[in-house]
Amino acid sequence: MRNVLLATVCAVPLMLLGTGPASAIDLNVGVGVGVDPYPYDDDDYDSDYDRRRGRLKCWEAKQLVRDRGYYAVVTLDCGGRIYRFRAKRKGKVYILAVNPRTYAVWRD
């Protein structure tokens, strides 16, 4: 009798706890073959963080550079605080910088 009572006392709290929700694992795997001639892809920098904070996306900054009369614009870096591009204007090559928060464009 004593063993049954002891087992019941131990089993009741365990039954009340129940089982917790199973955690699901979200796994995203991408496989590709090929060589990209440009080290940065504009889609790599389009994130929810940038949209939430009001920053320009990389492709938008690239368009700002084009809007200022430059052509053959190539992305050099869009990973930091300042985005950098190489572009031509009147036959000369320039390195340009864009601040994604203030939309300022200048020659670097």
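The paragraphs below lead through a predicted model, beginning with its sheet and ending with two residues of uncommon backbone geometry.

The sheet is a good place to begin. Strands of a sheet pair through backbone hydrogen bonds, and this pairing may be either parallel or antiparallel. In this model 4 strands form an open sheet in the order S1-S2-S3-S4, and their pairing is antiparallel. Because S1 and S4 stand at the edges, each with a single partner strand, one side of each is left without a neighbour in the sheet. Going from one strand to the next, the twist averages 30°.

We can now follow the chain through the strands, starting with S1, which covers residues 71-77, and S2, which covers residues 83-89. These two strands form a hairpin with 5 residues between them, and they pair in the antiparallel sense over 4 bridges. Two of the partnerships can be found by residue: Tyr 71 has Lys 88 in S2 as its bridge partner, while Val 74 has Arg 86 in S2 as its bridge partner. The next pair is S2 with S3, where S3 covers residues 92-98; these strands also run antiparallel and are joined by 7 bridges. Within this pair, Arg 84 stands opposite Ala 97 in S3, and the hairpin that S2 and S3 make has 2 residues between the strands.

Against this sheet the reader can place helix H3, which covers residues 58-67. The helix lies across S1, S2, S3 and S4, and it runs at about 30° to S2. Which elements give two or more residues to the largest nonpolar core? That core has 14 residues, and those with the most contacts inside it are Val 65, Tyr 70, Phe 85 and Val 98. The elements that give two or more residues to it are H3, S2 and S3, and H3 gives the most, with 4 residues.

Helix H3 also takes part in a covalent link. A disulfide is, in general, a covalent bond between the sulfur atoms of two cysteines, and a search of the whole structure finds 1 of them. The bond joins Cys 58 to Cys 78, with the two sulfur atoms 2.0 Å apart. It links distant parts of the chain, since Cys 58 is in helix H3 and Cys 78 is in the loop between strand S1 and strand S2, 20 residues apart. The torsion about the S-S bond of Cys 58 and Cys 78 is about 60°, and the disulfide is therefore right-handed. Are these two cysteines buried or exposed? Cys 58 is buried, and Cys 78 is buried as well. Gly 79, which has its place in the loop between S1 and S2, is by contrast exposed, at 59% relative accessibility. Gly 79 and Cys 58 are 21 residues apart in sequence, and their C-alpha atoms are 9.0 Å apart in space.

A second kind of link depends on charge. Side chains of opposite charge can pair when their charged atoms come close, and a search of the whole structure finds 1 salt bridge. Its partners are Asp 108 and Arg 84, whose closest N and O atoms are 3.1 Å apart. Because Asp 108 lies in the segment after S4 and Arg 84 in strand S2, the pair ties together parts that are 24 residues apart in sequence. Arg 84 is partly exposed, with a relative accessible area of 29%.

The last stop is the backbone itself. Most residues other than glycine have a negative phi, which gives a reason to look at Lys 90 and Tyr 103, where phi is positive. Lys 90 is found in the loop between S2 and strand S3, and within the hairpin of these strands Lys 90 takes a positive phi near 55°. How exposed is Lys 90? With a relative accessible area of 79%, Lys 90 is exposed. Tyr 103, found in the loop between S3 and strand S4, has a phi near 70°, again a positive value in a residue other than glycine. At 41% relative accessibility, Tyr 103 counts as partly exposed.

Definitions and conventions. Residues are numbered from 1 along each chain as its sequence is written. This is a predicted model: local features need pLDDT of at least 70, side-chain atom pairs count only at pLDDT 80 or more; totals for chains, interfaces and linings use all residues. Side-chain values use heavy atoms; hydrogens and water are left out. A disulfide is a pair of cysteine sulfur atoms within 2.5 Å. Buried means under 20% relative accessible area, exposed over 50%, partly exposed in between (1.4 Å probe, protein chains only). A salt bridge is a side-chain nitrogen of Lys or Arg within 4 Å of a carboxyl oxygen of Asp or Glu. A nonpolar core is a set of buried Ala, Val, Leu, Ile, Met, Phe, Trp, Tyr and Cys residues joined through side-chain atoms within 4.5 Å. Two strands pair if DSSP finds at least two bridges between them. Axes are lines fitted to C-alpha atoms, for helices over the stretch in contact, and angles run from 0 to 180 degrees between N-to-C directions. Contact means heavy atoms within 4.5 Å.
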